Amino acid sequence: MSKYFSTSLLAACLLAASPLFGQAVNSDSWAATDALGRKVRSYDDAPGKKDDKFVAIFYWTWHQGNEPNDYPVKNISEIVRQYPEAMKDYNHPAWGDRKPGFFFWEQPLLGYYTTIDKWVLRKHAEMLADAGVDAVFFDCTNGSNTFKDSYEALLETWDQAQKDGVKVPKIAFMLNLFKNKATNVSLHQLYNDLYKPGRYENLWFIWKGKPCIMAYPEMLDDSEESKEIADFFTFRPGQPDYVNGPWKGRNDMWGWLENYPQHGYVESKDADGNVKYEEVTVGIAQNTSPDRKGHCGAFNVKDSYGRHFSVRNGFDPRPDGYLYGWNFSEQWDRAYELDPELVFITGWNEYIAGIWLPEDSWNGDPFSFVDQFDWAHSRDIEPNKGWGDKGDVYYLQLVDRVRKFKGMTPAEPVTAAKSIKIKKFQDWDDVGPYFATYKGNTGHRDCKGRYDQYYVNESGRNDIVGAKVARDDEYVWFYVETNEDLTPKTGSHWMQLFIDVDRDKATGWNGYDFVVNRINPKGKAFLEKNDQNIWQWETAAKVKYFTKGNKLVIRIPRKDLGLSDGPVDIEFKWNDNMQEDGNIMDFYVNGDTAPGGRFNFVYTTE
C-alpha cells in the first residue's frame with residue numbers, strides 16, 4: 001500500500017490576522033503523517049483552491065449531560081472486550097438497567113463530554129477549520145428538540161473563535177427526515193430564537209442566497225409567520241434512505257448517508273448540457289447489510305457495511321482493517337466522479353447508540369445497536385481515545401480528501417538566507433514565511449461530562465500565535481511569539497520545539513529527530529536527539545536562546561541538526577505544557593500546540 005492517502009459567501013469570510021504580523025492562518029500549508037505512515041497531500045498533489053466547492057459534516061449537539069450524575073458511562077467496546085458473552089444476552093449485568101438507553105461505542109479523545117462544554121467546542125472549531133470543513137449540520141431529526149442549550153454554547157464559542165482567527169464552520173440544522181408535524185414546531189422555534197432576530201448571522205450557512213435548513217417546507221402551517229419562514233430559508237429536505245436517491249418528482253432533496261455508488265442530489269445542466277449536482281454524500285460506514293437490501297438496519301450483524309467494507313473490494317482482511325478506511329475512500333472516489341458543489345460527510349461526533357430488541361423493527365439478534373456499535377462499525381471521524389496513537393487516522397484522512405476536493409492555497413514563499421542577531425527582534429521583520437496559528441485557545445476546562453463524568457483541565461498557559469525560521473550557512477534560528485508575556489522558563493514542559501529534519505516519520509519519535517526545551521533551559525537551551533522511535537532523548541548540544549516579553553528565539557548550528565550548508569527542508573512544531581510525555585495524541589488535548597494535533601509547519605528552501 002502506498003504511504004500516501006489514495007487519491008459565494010463562505011469564501012468571503014475574512015480571517016482575523018495575527019496580532020503582530022498581520023498574517024492569516026493557512027492550514028493548507030501544514031504537513032501531517034498519520035500513525036499508519038500515510039501523509040496528507042501537499043500543495044504539489046492537489047489542485048489550486050476552488051471557491052465553488054464546499055464540505056459539510058453531520059454534527060451532534062445532543063450530548064447535553066442532563067442525565068443522572070450517579071450513573072456510569074457504558075462503553076460498548078470495553079464491555080465486549082471484558083464480557084464477550086454479553087453480546088448474546090440482553091439482560092447481562094454489563095449492560096446495566098439503562099435500556100434502550102445510550103451506550104458509547106468508544107471514548108472520544110476529549111472525554112465523554114457534553115456539547116455545552118465550551119473548552120471542547122473550541123477544540124472542535126479549530127480541528128474542523130483545519131480540515132477545511134465549511135459547515136456543520138446539527139442532528140435534530142428526532143421529534144422537535146433542537147438542543148438549544150448546546151447550540152447556544154456552540155454559537156457563543158465559535159463566534160469568539162472566529163474573532164480569534166479561526167475559519168469556523170458555519171451552522172445549519174437538519175430536522176425530521178420524514179414528513180412530521182414536529183418539523184413545524186422546530187422551524188418556528190429556530191426562526192424566533194435565532195434567525196428572525198439575526199443572532200450570530202456571521203455563523204449562518206448560506207446556500208443559494210439564504211440560510212440553509214434541511215427540512216420539509218410543506219410541514220409548515222398556514223400562519224403568516226410560516227409564510228415568512230417559507231421565504232426565509234433555502235430548504236433541502238433530508239433523504240433518509242441509503243439506496244434510492246432523491247424521491248421521484250423532488251429535485252430539492254439532499255442526502256446525508258448512502259451506500260456506494262452514491263447519487264447526486266439537486267440535478268441541473270450547464271450551458272453545454274452536462275449534468276451537474278449540488279450535493280453528494282460521503283460516509284465512514286453504513287449501518288446496513290445484505291439482508292436489509294442496503295436499507296438502514298443494525299450495525300452488530302454479520303456483513304454490515306463497516307469502516308473496513310468496500311463494495312468494489314469486499315472486507316479489508318487485516319485484523320486492524322477498520323483503521324484504513326476502505327469505505328471512506330470508496331465513497332470519496334464516487335464524490336470526485338460526480339463532482340458536486342458540496343460534499344456532505346457523516347459524521348463527526350455521534351458516538352452513542354441505544355440497545356434495541358427485535359420487536360423494535362431492527363434485525364440484530366438477540367438485540368441491535370443501530371447507528372453505532374464498535375471500532376469497525378461506527379461513523380465518527382472525531383479522534384477517539386480507544387485507538388491509542390491511531391485515534392486520529394480518520395481525521396487526517398478527512399484532511400487529505402478535502403484538500404483534493406476543494407484544492408489548496410500555496411504556502412507563503414521563504415525569504416532569502418539571513419543572519420539574525422539573537423537579541424535583535426527587528427531582524428525578523430523581513431523574514432518569511434510567518435507561521436500563524438490561533439490565539440485565544442488556552443482557556444481552562446471545568447465542566448460536567450456525560451453521566452458520572454466531570455472534567456477539569458488547567459494546562460492552557462502560553463498562547464502561541466506565530467513562528468518564523470531563518471537560516472544562513474552556519475545556523476538555523478527559530479522564533480516564536482505568544483499573545484501575552486511568556487511564563488517563567490522554570491515551568492514544566494515549557495515552550496518545547498520539535499524538529500523533523502528529514503521529514504521522515506520512520507526516524508525519531510513520531511518523526512521528530514530533535515527537541516529543544518524538554519529539559520528546562522538555563523544559561524543555554526538543551527538540544528536533544530532521538531534515534532529510538534520512542535520517547536527517549538539524548539543531549540546533542542547546548543544552544544543559545546533569548547527570551548523577552550512574549551518572544552523567544554533559539555539559535556541552532558546546522559551541524560548539530562545534521563544539516564549541510566545547502567537547502568533546508570524541515571518540519572517543526574511548538575508546544576507548551578503537554579501533560580503526557582510520549583503520547584502524540586496529547587498535542588490535541590493539553591497546553592497549546594502550534595500547529596494543532598499532528599500537524600507540522602513546513603520550512604523548505606528547496
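**Packing of two helix pairs**

In this predicted model, the axes of helix H6 (residues 326–338) and helix H7 (residues 393–406) come within 11 Å and cross at roughly 10°. Angles under 35 degrees count as roughly parallel, so H6 is roughly parallel to H7. The crossing of H6 past H7 is right-handed.

Both helices supply named residues to this contact. From H6 come Phe-328, Ser-329, Trp-332, Asp-333 and Tyr-336. H7 contributes Tyr-394, Gln-397, Leu-398, Arg-401, Val-402, Lys-404 and Phe-405. By class, the residues of the H6 contact with H7 are seven nonpolar, two polar and three charged. Asp-333 of H6 counts among the charged residues, as do Arg-401 and Lys-404 of H7. The polar ones are Ser-329 of H6 and Gln-397 of H7.

A second pair is formed by helix H3 (residues 148–163) and helix H4 (residues 182–195). The axes of H3 and H4 lie 13 Å apart, and the packing angle is about 30°. H3 and H4 are therefore roughly parallel to each other. H3 passes H4 in a right-handed sense.

On the H3 side, the contact involves Lys-148, Tyr-151 and Leu-155. These meet Gln-189, Leu-190, Asp-193 and Leu-194 of H4. The residues of the H3 contact with H4 comprise four nonpolar, one polar and two charged. The charged residues are Lys-148 in H3 and Asp-193 in H4. Gln-189 of H4 is the polar one.

Notes: Residues numbered from 1 in each chain as written. Predicted model: local features only at pLDDT ≥ 70, side-chain atom pairs only at ≥ 80, totals over all residues. Heavy atoms only, no water. Axes fitted to C-alpha atoms, helices over the stretch in contact; angles between N-to-C directions. Helix = DSSP H or I, 4+ residues; strand = E, 2+ residues; numbered from the N terminus. Parallel < 35°, antiparallel > 145°, perpendicular 65-115°, else oblique. Left-handed = near helix turned anticlockwise from the far one by under 90°. Contact = heavy atoms within 4.5 Å.
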